Amino acid sequence: MAHDFSYRIARFDDLPQIVAIYNSTIASRQVTADTEPVSVESRHAWFNEHTPERRPLWVSESNGKITGWLSFSNFYGRPAYAGTAELSIYLHEDARGQGLGRRFLTLAIEHAPKIGVHTLLGFIFGHNTPSLKLFEAFDFTTWANMPRVATLDGIERDLIILGKRID
């Protein structure tokens, strides 16, 4: 169960495991628009953009192994959008279906006001039913439907943007 997991801010030496979890989702064509694995080196700048006080990157652990991660990322990169963050949740295959995604989303919603975030977004493929259901269970609503904006293995896919105001 999810209570067997501990949560903490990611450290740079966690990056290989973070990238491995991310890369493990690529083949499903359900979670990310990347179509080839990314390297640890290519994610250094991304990692460094995540600071605990503004855009945290959390990992979950069980028995010393990273089981998933949650990141807050900038939306659109302009100062006026500083109160809005995109959430990303990636789980190790062995940790799925144990409530970890729900726990990460709870943590994100609780933590958002502490880092000056009032609006949370999730960018989710329209065919990723588990992620859509997770965010909708936390009262995220569809703010945009971008039909057929991604092509994965020759199939055009929708991108759904779900949003939630934290007031």
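Visitor: Does valine 40 count as buried, partly exposed or exposed, and what is the relative accessibility behind that?

Guide: Happy to start there, bearing in mind that this is a predicted model. Buried means under 20% relative accessible area and exposed means over 50%. Valine 40 has a relative accessibility of 22%, so it counts as partly exposed.

Visitor: Which residues does valine 40 touch, leaving out those up to four places away in sequence?

Guide: Look first at the loop between helix 1 (15-24) and helix 2 (44-48), where valine 40 lies. Leucine 15 is 25 residues from valine 40 in sequence, yet their C-alpha atoms are 6.6 Å apart. With residues up to four places away left out, the contacts of valine 40 are Leu15, Pro16 and Val19.

Visitor: Why do the buried residues of helix 4 line one face of the helix?

Guide: The buried residues in helix 4 (residues 129-137) are Leu132, Leu134 and Phe135. The face turned away from them carries the exposed Pro130 and Lys133. Their cover includes strand 4 (84-91), helix 3 (100-111), strand 5 (119-125) and strand 7 (155-165). Viewed down the axis, the buried residues line one face because they fall within an arc of 160°.

Visitor: Which element supplies the largest share of the lining of the largest pocket?

Guide: That pocket has a volume of about 990 Å³, and 40 residues line it. Among the elements that each supply at least two lining residues are helix 1, helix 4 and strand 6 (141-152). The largest share is six residues, and it comes from strand 4.

Definitions and conventions: Residues are numbered from 1 along each chain as its sequence is written. This is a predicted model: local features need pLDDT of at least 70, side-chain atom pairs count only at pLDDT 80 or more; totals for chains, interfaces and linings use all residues. Side-chain values use heavy atoms; hydrogens and water are left out. Helices (H or I, at least four residues) and strands (E, at least two) are DSSP runs, numbered from the N terminus. Buried means under 20% relative accessible area, exposed over 50%, partly exposed in between (1.4 Å probe, protein chains only). Contact means heavy atoms within 4.5 Å. The arc is that of the directions from the helix axis to the C-beta atoms. On a 1 Å grid over the protein atoms alone, a cavity is a set of points where a 1.4 Å probe fits but cannot get out, and a pocket is an open set with protein on both sides within 12 Å along at least five of seven lines; lining residues have an atom within 4 Å of a point. Grid points are joined across faces, edges and corners, and a volume is the space filled by probe spheres set on the points.
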